[in-house]
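Take a moment with the structure below. Two topics come up: a helix pair and a pocket.

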Amino acid sequence: MLPKTSYNENELIVYLSGEIDHHNARSIREYTDALIQEKKPARLLLNFSAVNFMDSSGIGLIMGRYRMMQLYGGSIRVVSIPPTLRRIMELSGLGCLNVLERSKYSDENIE
Amino acid sequence: MKILNEMSLSFDSRSANEGFARSAAAAFLAQLDPTVGELNEIRTAVSEAVTNCVVHAYRDEIGKIFIKVQIAQGNIVIIRIRDKGCGIEDIDRAMEPLYTTAPDQERSGLGFSVMQSFTDSVKVRSSVGHGTTVTLTKHLSLRLSNG
(Lines give C-alpha, C1' and ligand atoms only; values in the text may rest on other atoms or scores of the structure.)
Protein backbone atom coordinates (compact mmCIF):
# COMPACT_ATOMS: atom_id res chain seq x y z
CA MET A 1 0.00 0.00 0.00
CA LEU A 2 3.01 2.31 0.08
CA PRO A 3 2.87 4.89 -2.68
CA LYS A 4 4.99 4.70 -5.79
CA THR A 5 7.31 7.63 -6.15
CA SER A 6 9.57 9.21 -8.71
CA TYR A 7 12.27 11.83 -8.34
CA ASN A 8 13.58 13.93 -11.14
CA GLU A 9 15.26 17.32 -11.31
CA ASN A 10 14.38 18.38 -7.79
CA GLU A 11 10.78 17.27 -8.12
CA LEU A 12 9.43 14.44 -6.00
CA ILE A 13 6.19 12.85 -7.19
CA VAL A 14 4.22 10.65 -4.81
CA TYR A 15 1.49 8.54 -6.43
CA LEU A 16 -1.09 7.83 -3.76
CA SER A 17 -3.60 5.04 -4.24
CA GLY A 18 -6.54 3.23 -2.68
CA GLU A 19 -8.20 4.58 0.45
CA ILE A 20 -6.70 7.29 2.65
CA ASP A 21 -8.06 7.17 6.17
CA HIS A 22 -6.67 7.49 9.68
CA HIS A 23 -5.49 3.87 9.60
CA ASN A 24 -3.31 4.03 6.53
CA ALA A 25 -2.39 7.73 6.50
CA ARG A 26 0.32 7.00 9.03
CA SER A 27 2.44 4.70 6.89
CA ILE A 28 2.03 6.98 3.88
CA ARG A 29 3.13 9.93 6.02
CA GLU A 30 6.19 8.19 7.42
CA TYR A 31 7.25 6.90 4.02
CA THR A 32 6.78 10.26 2.31
CA ASP A 33 8.50 12.23 5.06
CA ALA A 34 11.56 9.97 4.94
CA LEU A 35 11.82 10.62 1.21
CA ILE A 36 11.38 14.38 1.60
CA GLN A 37 14.09 14.46 4.23
CA GLU A 38 16.41 12.44 2.04
CA LYS A 39 15.85 14.28 -1.24
CA LYS A 40 14.88 17.75 0.01
CA PRO A 41 13.03 18.40 -3.25
CA ALA A 42 12.19 21.92 -4.40
CA ARG A 43 8.76 20.71 -5.42
CA LEU A 44 6.52 17.95 -4.12
CA LEU A 45 3.65 16.64 -6.23
CA LEU A 46 1.01 14.52 -4.55
CA ASN A 47 -0.81 12.63 -7.29
CA PHE A 48 -4.31 11.52 -6.23
CA SER A 49 -5.42 9.93 -9.51
CA ALA A 50 -5.63 6.39 -8.04
CA VAL A 51 -7.22 7.40 -4.72
CA ASN A 52 -10.81 6.19 -4.50
CA PHE A 53 -11.62 7.27 -0.97
CA MET A 54 -10.37 9.92 1.43
CA ASP A 55 -11.68 11.36 4.69
CA SER A 56 -10.29 14.26 6.72
CA SER A 57 -7.17 12.19 7.45
CA GLY A 58 -6.19 12.96 3.87
CA ILE A 59 -6.51 16.67 4.64
CA GLY A 60 -4.18 16.21 7.60
CA LEU A 61 -1.76 14.38 5.34
CA ILE A 62 -1.69 17.20 2.78
CA MET A 63 -1.47 19.94 5.44
CA GLY A 64 1.41 18.20 7.19
CA ARG A 65 3.40 17.86 3.96
CA TYR A 66 2.58 21.49 3.13
CA ARG A 67 4.16 22.57 6.41
CA MET A 68 7.13 20.32 5.87
CA MET A 69 7.80 21.66 2.37
CA GLN A 70 7.54 25.21 3.71
CA LEU A 71 10.18 24.33 6.25
CA TYR A 72 12.50 23.30 3.44
CA GLY A 73 11.59 26.32 1.36
CA GLY A 74 9.93 24.11 -1.24
CA SER A 75 6.48 24.04 -2.76
CA ILE A 76 3.71 21.46 -2.92
CA ARG A 77 1.00 20.74 -5.44
CA VAL A 78 -1.90 18.29 -5.25
CA VAL A 79 -2.64 17.00 -8.75
CA SER A 80 -5.01 14.66 -10.63
CA ILE A 81 -7.76 15.06 -8.05
CA PRO A 82 -10.70 12.71 -8.77
CA PRO A 83 -14.05 14.57 -8.90
CA THR A 84 -15.35 12.66 -5.84
CA LEU A 85 -12.52 14.03 -3.68
CA ARG A 86 -12.71 17.63 -4.77
CA ARG A 87 -15.48 18.55 -2.37
CA ILE A 88 -13.69 17.38 0.76
CA MET A 89 -10.49 19.06 -0.37
CA GLU A 90 -12.21 22.37 -0.96
CA LEU A 91 -14.17 22.11 2.28
CA SER A 92 -10.87 22.00 4.12
CA GLY A 93 -9.71 25.40 2.92
CA LEU A 94 -6.83 23.82 1.02
CA GLY A 95 -8.01 25.76 -2.00
CA CYS A 96 -6.97 29.01 -0.31
CA LEU A 97 -3.39 27.79 0.04
CA ASN A 98 -3.19 27.48 -3.72
CA VAL A 99 -1.92 23.91 -3.60
CA LEU A 100 -4.81 22.24 -5.43
CA GLU A 101 -4.63 21.70 -9.15
CA ARG A 102 -7.66 23.28 -10.77
CA SER A 103 -10.50 21.14 -11.99
CA LYS A 104 -10.21 19.98 -15.58
CA TYR A 105 -13.68 21.39 -16.08
CA SER A 106 -12.82 24.96 -15.18
CA ASP A 107 -10.46 27.30 -16.96
CA GLU A 108 -6.97 26.15 -16.38
CA ASN A 109 -4.20 28.62 -15.81
CA ILE A 110 -0.83 27.16 -16.48
CA GLU A 111 1.84 29.03 -14.64
CA MET B 1 -40.69 7.84 11.54
CA LYS B 2 -41.39 4.30 10.36
CA ILE B 3 -38.27 2.14 10.26
CA LEU B 4 -38.32 -0.26 7.33
CA ASN B 5 -35.01 -2.04 7.78
CA GLU B 6 -32.17 -2.03 10.23
CA MET B 7 -28.75 -3.51 10.86
CA SER B 8 -26.32 -3.21 13.70
CA LEU B 9 -22.81 -4.31 14.40
CA SER B 10 -20.10 -3.89 16.97
CA PHE B 11 -16.35 -4.13 16.60
CA ASP B 12 -13.12 -3.26 18.37
CA SER B 13 -11.86 0.32 18.21
CA ARG B 14 -8.85 -0.67 16.13
CA SER B 15 -7.97 1.63 13.27
CA ALA B 16 -7.94 -1.33 10.87
CA ASN B 17 -11.74 -1.49 11.35
CA GLU B 18 -12.36 2.02 10.01
CA GLY B 19 -12.52 0.72 6.46
CA PHE B 20 -14.71 -2.20 7.48
CA ALA B 21 -17.21 0.09 9.24
CA ARG B 22 -17.76 2.49 6.35
CA SER B 23 -17.91 -0.37 3.82
CA ALA B 24 -20.45 -2.29 5.93
CA ALA B 25 -22.71 0.76 6.23
CA ALA B 26 -22.45 1.41 2.50
CA ALA B 27 -23.11 -2.24 1.63
CA PHE B 28 -26.29 -2.27 3.73
CA LEU B 29 -27.54 0.93 2.09
CA ALA B 30 -26.88 -0.33 -1.43
CA GLN B 31 -30.48 -1.67 -1.41
CA LEU B 32 -31.68 1.95 -1.67
CA ASP B 33 -29.81 2.33 -4.94
CA PRO B 34 -28.04 5.51 -3.83
CA THR B 35 -26.01 7.56 -6.26
CA VAL B 36 -22.24 7.13 -6.25
CA GLY B 37 -21.99 10.58 -4.67
CA GLU B 38 -24.44 9.79 -1.87
CA LEU B 39 -22.70 6.52 -1.06
CA ASN B 40 -19.35 8.28 -0.98
CA GLU B 41 -20.73 10.95 1.36
CA ILE B 42 -22.07 8.29 3.73
CA ARG B 43 -18.79 6.36 3.68
CA THR B 44 -16.88 9.54 4.45
CA ALA B 45 -19.18 10.63 7.30
CA VAL B 46 -19.11 7.16 8.90
CA SER B 47 -15.35 7.07 8.57
CA GLU B 48 -15.06 10.39 10.44
CA ALA B 49 -17.32 9.26 13.27
CA VAL B 50 -15.59 5.90 13.68
CA THR B 51 -12.16 7.55 13.58
CA ASN B 52 -13.27 9.86 16.40
CA CYS B 53 -14.06 6.76 18.50
CA VAL B 54 -10.66 5.22 17.74
CA VAL B 55 -8.62 8.39 18.24
CA HIS B 56 -10.53 10.20 20.99
CA ALA B 57 -13.15 8.09 22.78
CA TYR B 58 -10.80 5.18 23.38
CA ARG B 59 -7.53 7.08 23.17
CA ASP B 60 -5.52 4.80 25.47
CA GLU B 61 -7.53 1.62 25.26
CA ILE B 62 -9.41 -0.66 22.90
CA GLY B 63 -13.17 -0.59 23.42
CA LYS B 64 -16.26 -1.48 21.44
CA ILE B 65 -17.79 0.69 18.76
CA PHE B 66 -21.49 0.12 17.99
CA ILE B 67 -23.10 1.09 14.71
CA LYS B 68 -26.78 0.95 13.89
CA VAL B 69 -28.01 1.79 10.42
CA GLN B 70 -31.71 2.27 9.83
CA ILE B 71 -33.70 2.86 6.69
CA ALA B 72 -36.83 4.89 7.37
CA GLN B 73 -39.79 5.56 5.15
CA GLY B 74 -39.08 8.17 2.50
CA ASN B 75 -35.52 7.07 1.73
CA ILE B 76 -34.21 8.45 4.98
CA VAL B 77 -31.07 6.92 6.41
CA ILE B 78 -30.24 7.12 10.10
CA ILE B 79 -26.80 6.03 11.27
CA ARG B 80 -25.86 5.89 14.95
CA ILE B 81 -22.23 5.49 15.96
CA ARG B 82 -21.88 4.87 19.68
CA ASP B 83 -18.96 4.28 22.02
CA LYS B 84 -18.50 3.75 25.71
CA GLY B 85 -15.33 5.80 25.84
CA CYS B 86 -14.23 8.95 27.66
CA GLY B 87 -16.99 11.22 26.41
CA ILE B 88 -16.76 14.81 25.22
CA GLU B 89 -16.61 17.60 27.78
CA ASP B 90 -17.50 20.46 25.48
CA ILE B 91 -19.44 19.29 22.43
CA ASP B 92 -19.71 22.76 20.85
CA ARG B 93 -15.96 23.16 21.01
CA ALA B 94 -15.32 19.65 19.67
CA MET B 95 -17.51 20.51 16.68
CA GLU B 96 -15.70 23.74 15.87
CA PRO B 97 -13.92 23.50 12.54
CA LEU B 98 -10.16 22.97 12.93
CA TYR B 99 -10.42 22.27 16.66
CA THR B 100 -8.45 19.14 17.53
CA THR B 101 -6.94 17.63 20.64
CA ALA B 102 -4.56 15.49 18.58
CA PRO B 103 -2.55 17.80 16.31
CA ASP B 104 0.50 15.58 16.84
CA GLN B 105 -1.30 12.84 14.94
CA GLU B 106 -2.06 15.30 12.14
CA ARG B 107 -5.75 15.31 12.90
CA SER B 108 -7.10 18.23 10.93
CA GLY B 109 -9.99 19.02 13.27
CA LEU B 110 -12.44 18.71 10.40
CA GLY B 111 -14.20 15.46 11.31
CA PHE B 112 -17.48 17.02 12.44
CA SER B 113 -17.38 19.62 9.64
CA VAL B 114 -17.16 16.80 7.11
CA MET B 115 -20.02 14.91 8.79
CA GLN B 116 -22.15 18.07 8.75
CA SER B 117 -21.34 18.83 5.17
CA PHE B 118 -21.96 15.29 3.90
CA THR B 119 -25.20 14.52 5.76
CA ASP B 120 -28.42 16.42 6.52
CA SER B 121 -28.03 16.45 10.28
CA VAL B 122 -25.46 15.52 12.92
CA LYS B 123 -26.54 15.10 16.52
CA VAL B 124 -24.09 14.42 19.31
CA ARG B 125 -24.95 13.21 22.79
CA SER B 126 -22.14 12.64 25.21
CA SER B 127 -21.51 11.96 28.84
CA VAL B 128 -18.01 12.29 30.27
CA GLY B 129 -16.76 8.92 31.40
CA HIS B 130 -19.66 7.08 29.78
CA GLY B 131 -19.43 7.60 26.06
CA THR B 132 -20.74 9.37 23.01
CA THR B 133 -23.45 8.78 20.44
CA VAL B 134 -23.32 10.48 17.06
CA THR B 135 -26.48 10.30 14.97
CA LEU B 136 -26.23 11.07 11.28
CA THR B 137 -29.37 11.52 9.20
CA LYS B 138 -29.43 11.73 5.45
CA HIS B 139 -32.24 11.88 2.96
CA LEU B 140 -31.35 9.97 -0.20
CA SER B 141 -32.72 10.91 -3.57
CA LEU B 142 -35.60 8.76 -4.76
CA ARG B 143 -34.67 7.23 -8.05
CA LEU B 144 -37.30 6.25 -10.53
CA SER B 145 -35.80 2.80 -11.02
CA ASN B 146 -36.94 1.93 -7.50
CA GLY B 147 -40.48 1.69 -8.86
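What follows goes from the helix pair to the pocket.

Bear in mind that this is a predicted model. Start in chain B, with helix H2, residues 36-57, and helix H4, residues 111-118. Their axes lie 9 Å apart. The packing angle is about 150°. Angles over 145 degrees count as roughly antiparallel, so H2(B) is roughly antiparallel to H4(B). The crossing of H2(B) past H4(B) is left-handed.

Which residues make the contact? H2(B) brings Glu41(B), Thr44(B), Ala45(B), Glu48(B), Ala49(B) and Asn52(B). From H4(B) come Gly111(B), Phe112(B), Val114(B), Met115(B) and Phe118(B). Sorted by kind, the contact residues of H2(B) with H4(B) are six nonpolar, three polar and two charged.

Now turn to empty space. Rolling a probe the size of a water molecule over the atoms shows where such space is left. The largest pocket holds about 550 Å³. It is lined by 30 residues. Closest to its centre are His56(B), Ile88(B), Ala94(B), Thr101(B) and Phe112(B). Phe112(B) has appeared before, in the contact of H4(B) with H2(B).

Which elements give two or more residues to this lining? They are H2, strand E3 (76-83), helix H3 (91-94), H4 and strand E5 (131-139), in chain B. H2(B) gives the most, with six residues. The lining of the largest pocket is mixed in kind: 13 residues are nonpolar, ten polar and seven charged.

Both topics meet in the two helices. H2(B) and H4(B) pack together, and both give residues to the lining of the largest pocket.

Definitions and conventions:
Residues are numbered from 1 along each chain as its sequence is written. Chains are lettered from A and ligands numbered from 1 in the order in which they are written. This is a predicted model: local features need pLDDT of at least 70, side-chain atom pairs count only at pLDDT 80 or more; totals for chains, interfaces and linings use all residues. Side-chain values use heavy atoms; hydrogens and water are left out. Axes are lines fitted to C-alpha atoms, for helices over the stretch in contact, and angles run from 0 to 180 degrees between N-to-C directions. Helices (H or I, at least four residues) and strands (E, at least two) are DSSP runs, numbered from the N terminus. Angles under 35 degrees count as roughly parallel, over 145 as roughly antiparallel, 65 to 115 as roughly perpendicular and the rest as oblique. A crossing is left-handed if the near helix is turned anticlockwise from the far one by less than a right angle, and right-handed if clockwise. Contact means heavy atoms within 4.5 Å. Ala, Val, Leu, Ile, Met, Phe, Trp, Tyr, Cys and Pro count as nonpolar, Asp, Glu, Lys and Arg as charged, and the others, Gly among them, as polar. On a 1 Å grid over the protein atoms alone, a cavity is a set of points where a 1.4 Å probe fits but cannot get out, and a pocket is an open set with protein on both sides within 12 Å along at least five of seven lines; lining residues have an atom within 4 Å of a point. Grid points are joined across faces, edges and corners, and a volume is the space filled by probe spheres set on the points.
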